[in-house]
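Here are my notes on the model you sent over, as numbered points. Have the coordinates open while you read.

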Amino acid sequence: MADTISELDKYLESTTKSKALWEDAKNYLPGGDSRNSIFWAPYPIFVDRAQGCHVVDSDGTDRLDFIGTMTTLILGHSPKSVVDVIEQQMDKGMVYNAPSAHQTRLAKLLCDRIPSFDLVRFTNSGTEATLNTIRAARAVTGKSKIAKVEGGYHGSHDQVSVSVRTNPAKSGERTRPDSMPATEGLGEGTLDQVIVVPFNETAIAKQRLEENKDDLAAVIIEPMLGSVGMLPATSEFLTMLREFTTDNGIILIFDEVISYRAAMGGCQEYYGITPDMTSLGKIIGGGFSIGAFGGTKSIMDLYDPSQTGGPRVAHAGTFNANPMTMLAGAATLDELTPEVYQKLEKMTDYLRSEILKVGAELEVPIQVTGLGSLFGIHFTSEELVGYRDIAAEDSAFRHKVFLGLLNEGILMASNLVGAVSTEIGKTEIDTFTAALRRVLERALAPSS
Ligand SMILES: Cc1ncc(COP(=O)(O)O)c(C=O)c1O
């Protein structure tokens, strides 16, 4: 326990201003928080400023950013290309009650890159994007139920707030997970609408899907479980889902809000499997709030307001496709050439191999998952197949490492998932692995 206390003590000592800001925030925000995913115990750092791959907290501590706002900032903080277009737009108005050509430019970039996109629509969050893919699937099929995998995160609306970070001990059999509420307050009947299957267990999942095929409007899946631990699907699993949905007239939705970052055309390009619909968010807004959903023309035409009788599926949003976000997103995608993706992947492969070396030297079981510039650190030698394998990891040890990394000047997500931006090079990666080595040495010290 001594090491936990010392990591915690060090954190408490070095974050006194953040603590004061958190105490003040608690007077007006429940738990001082508006976004549960960036809260961690005992309290989070409060950020003063950020630039490139550096984040400086209110106590003046400069940390290397190895998460980039939950994988959003692929070019780092405030890249010049984005700042320039935003500054130019500031004098021309921030949001209009009519469209601008900026939405067409970002839409074209996405349709050119993403195999499943004939047409796309913009939202302000990934949550709205997945909500719309499911609504469209219901409109197309005339059916209501959806299937998702245990551990898959698709935002915070009711229909997907099922079996996310469940407690395996209370969630039924591994092979036949129960539909578990991810929150209190879900509408009546929500759980009955969602069939939950285990990730990457192809035969078992197929059997469960077959049992429900007549009721399913859609299967929604992250091709790589993102926020839960950067765990890629197997090709076999995704191929099964593609064949099953095609054979049964069910819409296959890839939620690529995080995994789009893995390759220029997203995971669908990486795996060579094209879904019917895709939801996006995060990197495509260049640091501004965004979501997008798209798919085949025949599905997306449901939303066409110019057709006789108006759109079949309603979709509005005051800030949808606002000029700032469209410009920032397009400036970001413009920079993301095939060469940049290759460099990001090379850097992240280097990071992955250096982390493994630290584990081998210190005889700590470590696995590093992820694709492209996304990675997740797991302290286990057990095979990582699906959500339950991640849930079985020692969460107290993970938290100790997370706090230790903060103390060593490294910021990741609190469950040790991360992302490498174009601002991160070999020097920063060597700093990261040296920090991780020190943290693990402290955690393993005999006095602990
Ligand atoms: C895979 C996935 N889908 C949807 C969402 C929801 O996106 P947002 O937070 O923009 O609503 C997230 C957010 O992390 C996500 O990781």
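1. A definition to start with: the expected span of a helix is 1.5 Å times one less than its number of residues. Keep in mind that this is a predicted model. Now take helix α12, residues 338-362. Its 25 residues should span 36 Å by that rule, and the end C-alpha atoms are indeed 36 Å apart, so expected and computed spans agree.

2. Which residues of α12 are buried? They are Y341, L344, T348, L351, R352, E354, I355, V358 and G359. If the spacing in that list looks familiar, recall that an α-helix has 3.6 residues a turn, so residues three or four places apart point the same way. The cover over the buried residues of α12 includes β15 (367-369), β16 (374-378) and α15 (426-444).

3. Now for K346, which sits in α12. Is K346 buried or exposed? With 67% relative accessibility, K346 counts as exposed, because the cut-off for that class is over 50%. K346 and S373 are 27 residues apart in sequence, yet their C-alpha atoms are 8.5 Å apart in space.

4. S373 itself is worth a click. You'll find S373 in the loop between β15 and β16, and at 2% relative accessibility it is buried. The S373 side chain makes a polar contact of 2.9 Å with the side chain of R261. Setting aside residues up to four places away in sequence, S373 touches I74, R261, L344, T348, G418, A419 and V420. Two of these, L344 and T348, are on the list of buried residues in α12.

5. What comes after α12? The helix is followed by E363, with a positive phi near 55°. E363 is not a glycine, so I'd look at that backbone by eye. E363 lies in the loop between α12 and β15, and it is exposed, with a relative accessible area of 72%.

6. Helix α8 (residues 235-247) gives a similar span check: 13 residues, and 18 Å from first C-alpha to last, close to the 18 Å expected. Its buried residues are F237, L238, M240, L241, R242, F244 and T245. Among the elements covering them are β5 (145-149), α7 (202-211), β9 (216-221), β12 (251-255) and α9 (266-271). After α8 comes G249, whose phi is positive, near 65°.

7. An arginine on that buried list deserves its own point. R242, in helix α8, has a relative accessible area of 16%, and it counts as buried because the cut-off is under 20%. What does the R242 side chain pair with? A polar contact of 2.9 Å joins it to the side chain of D276. Beyond its neighbours within four places in sequence, R242 is in contact with I250, L252, I273, T274, P275 and D276.

8. On to the ligand. The residues around the ligand are S125, G126, T127, Y153, H154, G155, E222, D255, V257, I258 and K282. An oxygen atom of the ligand is 2.8 Å from a polar backbone atom of G126, and an oxygen atom of the ligand is 2.7 Å from an N or O atom in the T127 side chain. For D255, a side-chain N or O atom is 2.6 Å from a nitrogen atom of the ligand. The protein covers 85% of the 390 Å² of accessible area that the ligand has on its own.

9. K282, one of the residues around the ligand, has a positive phi near 50° without being a glycine. K282 is in the loop between β13 (277-281) and β14 (291-295). At 23% relative accessible area, K282 is partly exposed.

10. How many disulfides are there? The count comes to zero. Take C111: its sulfur is 19 Å from the closest cysteine sulfur, in C267, so the pair is too far apart for a bond. C111 is partly exposed at 22% relative accessibility, whereas C53 is buried at 4%.

11. Last one, a backbone detail: the peptide bond joining A41 and P42 is cis, with omega about 5°. P42 is in the loop between α2 (16-25) and β1 (47-51).

Terms used
Residues numbered from 1 in each chain as written. Predicted model: local features only at pLDDT ≥ 70, side-chain atom pairs only at ≥ 80, totals over all residues. Heavy atoms only, no water. Helix = DSSP H or I, 4+ residues; strand = E, 2+ residues; numbered from the N terminus. Buried < 20%, exposed > 50% of the residue type's maximum accessible area, 1.4 Å probe, protein only. Contact = heavy atoms within 4.5 Å. Disulfide = S-S within 2.5 Å. Near = heavy atom within 4 Å. Polar contact = N/O pair within 3.5 Å; in protein donor to acceptor, adjacent residues only side chain to side chain. Areas by Shrake-Rupley, 256 points an atom, 1.4 Å probe, with all protein chains shown as cover.
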